[in-house]
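Me: I have a protein structure on my screen and I'd like to learn how to read it. Could we go through it together, one question at a time?

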Amino acid sequence: MTIHPTALVDPKAELDSSVEVGPFSVIGPHVKIGAGSVIKSHVVINGHTTIGCHNEIYQFASIGEANQDKKYKGEPTKLIIGNHNSIRENATIHRGTVQDNGLTQIGDHNLFMASTHTGHDCIVGNNNIFANYAALAGHVKVGDFVILGGYTGIHQFCQVNSYSMCGMGSMVAKDVPQFMMVSGSPAKAHGMNFEGMRRRGLSPEVIKALRKAYKTIYLKGMTLEQALTELEGSAIYDIPEVTNFVLSIRRSERGIVR
């Protein structure tokens with residue numbers, strides 16, 4: 001274990017022997033950090049925080065600190081971070097609240113660029129990119145392979161489903177269905193993330209079916225219920241990606257960006 005002599009690591013913290021901790025970082029007593037993780041200078045990691053393997057946390061990040069919910073009274077809520085995440089300068093990730101499940105959770109292979117914010121009780125999947133100053137309010141759920149452009153804001157309790165993309169400066173106050181591209185303030189739909197689909201290896205046939213599904217939901221002028229019913233009765237509904245697109249809309253509690 002390589003710990004700079006100016007770092008303050010509580011003796012009760014559990015750090016793998018391969019963890020590196022840079023100058024002037026502070027690590028609290030309930031923190032656990034897995035193998036190969038690198039904590040650079042001036043990082044603060046606090047609370048009941050578990051960090052997996054091979055993560056890099058850059059200078060001035062604040063991880064697992066008390067959340068910004070005024071109802072929070074110091075309960076021992078948690079933050080769990082998976083493996084192979086890059087958390088850049090000034091990023092903040094807060095622990096959960098007892099008003100939810102008491103847990104903020106981050107998956108694997110995510111990039112949190114400088115000055116991003118992940119609020120209390122958020123659940124973030126895998127392989128996501130949050131550009132500079134993107135911010136999640138409390139209780140937000142983000143799927144996999146999502147891109148949030150710089151200065152994007154996601155309203156509390158919203159869901160941003162897998163393979164979707166929010167353009168720079170988007171203010172998202174409703175759920176974003178799978179595969180969608182949204183932007184604006186307030187955010188509106190601007191097609192599907194077809195380039196992202198190609199990069200993920202979706203076949204031309206699947207992309208064609210999703211294009212048809214998009215037109216049914218967004219361009220035919222039907223009510224949302226009428227459009228969903230038409231899709232569920234169509235041949236393309238048997239394609240798993242189309243099914244997931246429809247389900248991401250059906251499961252929305254806030255309504256969707258449309």
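**Strands, sheet and salt bridges**

Reply: Sure! Keep in mind that this is a predicted model. Let's start with Leu15, which lies in strand S3, residues 14–15.

Me: Is Leu15 buried or exposed?

Reply: Look at how much of the residue's area is accessible: Leu15 has a relative accessible area of 14%. Buried means under 20%. So Leu15 counts as buried.

Me: Which residues does Leu15 touch, if I skip those up to four places away in sequence?

Reply: Contact here means heavy atoms within 4.5 Å. With that cut-off, and without residues up to four places away, the list for Leu15 is Met1, Val9, Val21, Ile27 and Ile33.

Me: And how far apart in space are Leu15 and Gly150?

Reply: Along the sequence, these two are 135 residues apart. In space, going from C-alpha to C-alpha, Leu15 and Gly150 are separated by 33 Å.

Me: Now Gly28. Where does it lie, and is it buried or exposed?

Reply: Find strand S5 (26–27) and strand S6 (32–33); Gly28 is in the loop between them. Its contacts, leaving aside neighbours within four places in sequence, are Asp10, Ala13, Ile45 and Asn46. Since its relative accessible area is 8%, Gly28 is buried.

Me: Which strands stand at the edges of the open sheet?

Reply: The sheet has nine strands with parallel pairing, in the order S2-S5-S8-S11-S14-S17-S20-S23-S26. A strand at the edge has a single partner strand, so one side of it is left without a neighbour in the sheet. That describes strand S2 (8–9) and strand S26 (171–172).

Me: What is the bridge partner of Ser62 in S14?

Reply: Strand S11 (residues 62–65) and strand S14 (residues 92–94) run parallel and are joined by three bridges. In one of the pairings between S11 and S14, Ile63 is matched with Ile93. On the S8 side, Val44 stands opposite Ser62. In S14, the partner of Ser62 is Thr92.

Me: How many salt bridges does a search of the whole structure find?

Reply: Glu195, Arg198 and Arg199 are linked in a network of salt bridges. Arg88 and Glu89 also meet in one, at 2.9 Å from N to O. Searching the whole structure gives a total of eight.

Me: Which residue forms a salt bridge with Glu56, and how far apart in sequence are the two?

Reply: The partner of Glu56 is Lys40, and their closest N and O atoms are 3.8 Å apart. Glu56 sits in strand S10 (residues 56–57) and Lys40 in the loop between strand S7 (38–39) and S8, so the pair ties together parts of the chain. Glu56 is partly exposed at 30% relative accessible area, and Lys40 is partly exposed at 25%. The partner is Lys40, and the separation in sequence is 16 residues.

Me: Which helices hold Arg250 and Glu225?

Reply: These two form a salt bridge, with 2.8 Å between the closest N and O atoms. The pair links distant parts of the chain, 25 residues apart. Arg250 is in helix H4 (residues 240–250) and Glu225 in helix H3 (residues 224–232).

Me: Last one: what domain does UniProt place at residues 175–257?

Reply: Over this stretch the chain is 49% helix and 11% strand, and the end C-alpha atoms are 6 Å apart. The unreviewed UniProt entry lists the domain there as "UDP N-acetylglucosamine O-acyltransferase C-terminal".

Notes: Residues numbered from 1 in each chain as written. Predicted model: local features only at pLDDT ≥ 70, side-chain atom pairs only at ≥ 80, totals over all residues. Heavy atoms only, no water. UniProt positions renumbered as here; feature names shortened; annotations may be inferred. Helix = DSSP H or I, 4+ residues; strand = E, 2+ residues; numbered from the N terminus. Buried < 20%, exposed > 50% of the residue type's maximum accessible area, 1.4 Å probe, protein only. Pairing = 2+ DSSP bridges. Salt bridge = Lys/Arg side-chain N within 4 Å of Asp/Glu carboxyl O.
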